[in-house]
Amino acid sequence: MKLDSLTEMLSEMVALQRRMRASIGAAVVEDFYDVIKRPCNSIQELEELCKRLEEDTTYKKKMILYLSSLGGTNTGDCIRRMMRKLGTNQLWSIYSMKGRKGKRIFKDLTICRIIFKARKRCDKNANTCEVEDSIAEMLRYAPHRGEKKEKENYYFAFFISAAFRNILFHKLHIMLVISFYQGAELKFIDPKNV
């Protein structure tokens, strides 16, 4: 129990240290809105961002500093944080690392190289293969993020409609039984009038 809390505190301290180390050079980056106003939502917005990164070297440096200041407890966490700031799941669902399954290629974009540099700035020992795998994983699961709530809403609506049908059926059944025991003629009872 104590060991778990100590390891958790240690990992938080390491993440804080990385953010502080990255923020020493990030004094130029005052806040999020200086670098990027909001996450890109379309291919055009991402292409404009990549074009600006290619043309403006100071903006490119600011972006690397900002992304590296986001930190994270491990490579996967760091990459997810960076990519959430750069684009939406809707945008990332259009891309794959190598362009498989008819998707656009992500590894050729300028922003991919920026993410690599930012991660290397956070952790000098960061493995390139691990960074690439984390980006690929983020892109792979992007189409499915946010689906859980939609599925839960669908199942809830299905459950409510099934429960409502059961209530109507039981009410109709009870009315038929009562009318039978009262000696009344068996008639069809319209469920709309129930």
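Is cysteine 50 buried or exposed? In this predicted model, cysteine 50 is buried, its relative accessible area being 6%. Cysteine 40 likewise counts as buried, at 5% relative accessibility. Neither of the two takes part in a disulfide: for cysteine 40 the nearest cysteine sulfur belongs to cysteine 50 and lies 7.9 Å away, and for cysteine 50 the nearest is in turn that of cysteine 40. Because a disulfide would require the two sulfur atoms to be within 2.5 Å, this pair does not qualify, and the count of disulfides comes to zero.

From cysteine 40 the reader can move to the interior through leucine 46, which touches Cys40 as well as Leu91, Trp92, Tyr95, Leu109 and Ile111, once residues up to four places away in sequence are set aside. Leu46 is also among the residues with the most contacts inside the largest nonpolar core, a set of 39 residues in which Leu49, Met63, Trp92, Phe106, Ile111 and Ile135 share that standing. At least two residues of this core come from each of helix 3 (43-55), helix 4 (57-69), helix 5 (75-86), helix 6 (89-92), helix 7 (110-122) and helix 8 (128-141), and helix 7 gives the most, with seven residues.

Methionine 63, which lies in helix 4, offers a second view of this core. Its relative accessible area is 0%, so methionine 63 is buried. Beyond its neighbours within four places in sequence, methionine 63 is in contact with Val35, Ile36, Leu49, Leu53, Leu86 and Ile114. Of these, valine 35 is 28 residues apart from methionine 63 along the chain, yet their C-alpha atoms are separated by 6.1 Å.

Definitions and conventions:
Residues are numbered from 1 along each chain as its sequence is written. This is a predicted model: local features need pLDDT of at least 70, side-chain atom pairs count only at pLDDT 80 or more; totals for chains, interfaces and linings use all residues. Side-chain values use heavy atoms; hydrogens and water are left out. A nonpolar core is a set of buried Ala, Val, Leu, Ile, Met, Phe, Trp, Tyr and Cys residues joined through side-chain atoms within 4.5 Å. Buried means under 20% relative accessible area, exposed over 50%, partly exposed in between (1.4 Å probe, protein chains only). Helices (H or I, at least four residues) and strands (E, at least two) are DSSP runs, numbered from the N terminus. Contact means heavy atoms within 4.5 Å.
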